[in-house]
Amino acid sequence: MSSSKSGGRKKRGRVGGQPLDDHLFTLHQRLRQALSMGLRSVTGKTKKWDCIDAEVQRVAVRSISSFLSHLSAELLHSPFVQDTFGDIMVALEGILHTGNQTLLSLTAEVLVKYVDLLGDSILRYDCSVLIHTLSCLISSPRPSVAISCAISLNSILKKLKPWKVDDHKSAWQKLECTNAIDGILHGLLEYITGNEKPVDYFTQMASLLCTILWWWPSSRYSVWVWSNQNLTSRIGSLCRNLDSSISAVMLQVYAALALCGDLAMKLLESREPVAALVFCMEKSQPYSLRIEAFRLFQMLTKSEVGTTMIMQQYGTSVVRSITRAMIEWKSVSSERIAADQFPLLFEACRAALIVRWPGDHHIQFWSHRIDEILFHLLVNKHFTVDKPLDVSFFTNPAVCKSMGVNCAPILRPFLWDLLGWLAIHCDEKFSLCSGGESNFLNALISYTCSVSVDVVGKLGCIPHDLVNEFEMEPAARALLLLIFSPCKQIASQTHNCLLEALKPHGSRYMELLVHSLEMVMHSSVNGAFDQLRVVIALMSLASCSNLSPYQDYIIQCGGPRVLSSIIRKHSSAGLRISRSSIVSHTLDKYDSRTCCSDHRDGWEGMDIILFFAMCSFAELAKNSDFLLEIRQTSEVQCSLETFLDLLNGRGFGSGVQWFVAHILRCFGMYGFPSKFGSRVRKQLNVDKYADLRLMLPDGEYLQAHKVILAARCPLLLVPTETASGSNKSRRASCADEDLEQLCTKFSNVVRLSSRVHGCCMKKLMEFAYTGFVEVDHDHVKHLKILAKLSNLQTLTFLLSGKRPKWGSAVATCDFSSALESAGHPFFDIILVPQMTGEETCNCIVCQDQVPHVHAHKTILLSSCDYLRALFQSGMQDSSLEKITVPICWGALVKLVKWFYSGELPLPYIGCLWNNMDVNKKLQELKIYVELSWLAGLWFLEDVEGCSLHVIKSCLMSNPHLGVGVMQMASELAQWNIVELAADYIAPLYPKMRNQGELDVLDEALLNAIRSSYVRLSLNDVS
Ligand SMILES: [Zn+2]
Ligand SMILES: [Zn+2]
């Protein structure tokens, strides 16, 4: 003690290698003393605060407070301090728990300081008791206490680590048993309804709510229901009139709710939140608010449907806000993007990624000069492009050095993506230049070519030699999308630039590409880096395959062989190589927290190596040498089989299927073969139920069904009284002059003009009926004319040989439109469900309000042998105009959809389903039990398989549904379903029996469960 008397603050010993000054030493002593008065050892290690004396508590809190305020950052990790930290937590928790009103506020404040100081290391201590106490106190009537506790709780929860499952579990239990969410929502509501509480109260509570929503998906649905009742209607006024920090936190809450795909859709459907979001994106709003708005916008536009919903109403304003935020940094006078400008720019660029979806917003982006914005971000800020720049300009090393350094590297992948998407979704006739102003776009194209060619040169490098590794894939991809752009101007400009850029090393690079693909294909290493390299090589190869001089070269180097082996390998392996698994910028932290989402793997499919190999193959297939070669080799049969398998197999993505169809045309095949199509094929040129004759010039005629033509190519159907006034408008709208000349119309007979080739007409009919046709090369030209005249768009497109349109759905054979107005005149049967007595229907064909569907015998019997026999039996039933189908209305609607499209509508199992009550779920399942039963009677194997699959997956997610399913199935004697349900119940049998859940079942069903349970136990034993 003598030293402290004489010399003020001298160093007093060292603790954990750190000097500890006298003052802190004294504070520490005092703290230990104060804590010792209240702490008691419970077991050997754990301690507990055990003192209700107010004075002792006050001393403890004050000494903790002064100790914490004097701690320096370096001392935090010394063992001496860390020992004390554990005790401090116990003491603060204990004091809060005793509920000493005079000390609550102060203690809570000290706790905030404590949690803040500890940072991540707080997780070293067991926080569950503290979480429990804090979670109770956030409902405290005193705002200051509630605020402090919310802050502490929030920062503890934020520090949880995703992989520590136990921590999550225990924290959630505490939050649940203290009704934390209710407490928060109640507090928010009080604030909104005018209770005098500080703004801080609202923001801290809402921010805590965000953290909870972020970690625990199961909390989302109930919070949505609450916010829909209490917040949604007020959100507009909240965002417009109040403190911007409130609006910002509200946007955060909505963003956290939108982590659930189902709720994101609900949000989009309710008008106010979207209106508020668009409002907060505007330039006049505070900076931080705009950032939050852009984030929420990204969450809501993850699906094409969501994007369309927002853009249809707010397109102009949204695009204006985004483009402004993307260019704002330029007005600040500095060479580079200022650090404080970056967050907004970053979020705006990510929001601009809505250009990955097709739509009208593309035109708006172009009209806001997105090309100029991208140029300034990607290439150079100060550069003004007043003359066309060619590739040589960008390949000049000196110029390049001064370029491309303008923006943070982290942004560049997004900018490449934007450029690519904008190019691929361009219209065929798109033209930016009104008076030669497209210099920015041309410069971007030149720059892309120069960078991408550089990327190819670096492909052979070992990983750590790669410069700008993160932008290799995005740049190569941008080049491919520019080359593939439907816009002729962009495609040809890119084509020329790429030729120019390849001049010095072109042929060597082609070898390098093919060689590097070969190497990776034969090596056993298949890490993410290899996959990345393959994808880049394939994209570059696809781009270069477009250039005729290099096409030959690639074929000579063995490109086709490598590509077909990649395609074969990947089509059978069912690999999941999504873009986000190899390119980091496409993944964001939100993706790991989403609970349900309807966005599947997208158009390119789940294996992008397969997709880009198809792209490359398709380009090469345009070369006649290639075709000759591939037709002559034995590989052709093999490739053909692979391709057809790709079309038949589900889950390859629409893009892959489109490119297969694109390639198949080289083998004389057009369309998408399907099971449904081959069923309908049986009706082709069959005279039973045919109601139309197509008279060919040579006197031969084709039998046809009006309903099928009405659904697929209505232009071939012509009204009987052609001259009557009522039909004039229709003829004017649909008829082509040429078509009029081609067909002479008679009721039920169409005479085709002498210019129509009989066999082409047959091919056309085949495509209309089945969605797939094989055509000799000689007939292609004529069929093309015929397809165009009859407005068979898919066939016209496939025959034209144009590249598949990015994002377009696979055009399968589908007669659903015949159920609507197109098929009205040809309805010849009515299907009535078994009466349930509740539903009514608004039929537009007849006045009958009893549920029923009008349908066509031709279509029904093509998919169902039972109905075929019934209709053609010649017995009384065959002339019936109405049949009762012994299933409920919901099942009938689904069945009819299957008859007309070959697809049985499946229930969507997401969060909405999970939050549905049991009865509703069982109602939905009943549909499939009935369908499965009917499928057995009517021999519909497809329907049966599909229904069983639905039932199985629902039981898997919730075995408790099995009880209801067993009852429904036993009523219909569906014993296979009864057994299925019993198998799912078996593992829970003892528990469910004890809880009385099984009491509703009769003895036979109980026996089924018991024997399943016995089987299970025996299996476990063996
Ligand atoms: Zn969800
Ligand atoms: Zn009707």
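1. Contacts along the chain. In this predicted model, 73% of the contacts in the protein chain between residues at least 6 apart in sequence join residues at least 24 apart.

2. Composition and burial. The protein chain has 1022 residues, and buried residues make up 53% of them. Its secondary structure comprises 52 helices and 13 strands. The chain exposes about 45,300 Å², of which carbon and sulfur atoms supply 52%.

3. Zinc donors. Four cysteine sulfur atoms are the protein donors of the zinc ion (ligand 1): the SG atoms of Cys260, Cys595, Cys596 and Cys911. These donors lie 2.2 to 2.3 Å from the ion. In sequence, the donor residues follow the spacing C-x334-C-C-x314-C. Two of the donors, Cys260 and Cys596, are 336 residues apart and link distant parts of the chain. Cys260 belongs to the loop between helix H13 (244-257) and helix H14 (261-269), whereas Cys596 belongs to the loop between helix H31 (579-582) and helix H32 (608-620).

4. Geometry of the zinc site. The angles among the four donor atoms run from 100 to 136°, and the site is classed as irregular. The reason lies in the cut-off: a tetrahedral assignment requires all angles to lie between 85 and 135 degrees, and the range in this site extends to 136°.

5. Burial of two zinc donors. Cys260 has a relative accessibility of 1% and therefore counts as buried. Cys596, at 9% relative accessibility, also counts as buried. The cut-off behind both assignments is a relative accessible area under 20%.

6. Strand E11 and its partners. Strand E11 covers residues 829-833. Four of its five residues are buried, so E11 is largely enclosed by the rest of the structure. E11 pairs with strand E12 (residues 853-855) in the antiparallel sense, over three bridges; within this pairing, Ile829 has Ala855 of E12 as its bridge partner. E11 also pairs with E13, here in the parallel sense and over four bridges. In that pairing, Lys882 of E13 is the bridge partner of Ile830.

7. The two faces of strand E13. Strand E13 spans residues 882-885. Ile883 and Val885 form its covered face, while Lys882 and Thr884 form the uncovered one. In a regular strand, side chains alternate between the two faces of the sheet. Lys882 thus has two roles in this description: a place on the uncovered face of E13 and a bridge to Ile830.

Terms used:
Residues are numbered from 1 along each chain as its sequence is written. Chains are lettered from A and ligands numbered from 1 in the order in which they are written. This is a predicted model: local features need pLDDT of at least 70, side-chain atom pairs count only at pLDDT 80 or more; totals for chains, interfaces and linings use all residues. Side-chain values use heavy atoms; hydrogens and water are left out. Buried means under 20% relative accessible area, exposed over 50%, partly exposed in between (1.4 Å probe, protein chains only). Two strands pair if DSSP finds at least two bridges between them. Donors are N, O and S atoms within 2.8 Å of the metal (3.2 Å for Na, K and Ca); water is not among the atoms, so sites may look incomplete. Four donors count as tetrahedral if all angles lie between 85 and 135 degrees; four count as square planar and six as octahedral if opposite donors are over 155 degrees apart and all others between 65 and 115; anything else is irregular. Contact means heavy atoms within 4.5 Å. Accessible areas come from the Shrake-Rupley method with a 1.4 Å probe; for residues, only the protein chains shown count as cover.
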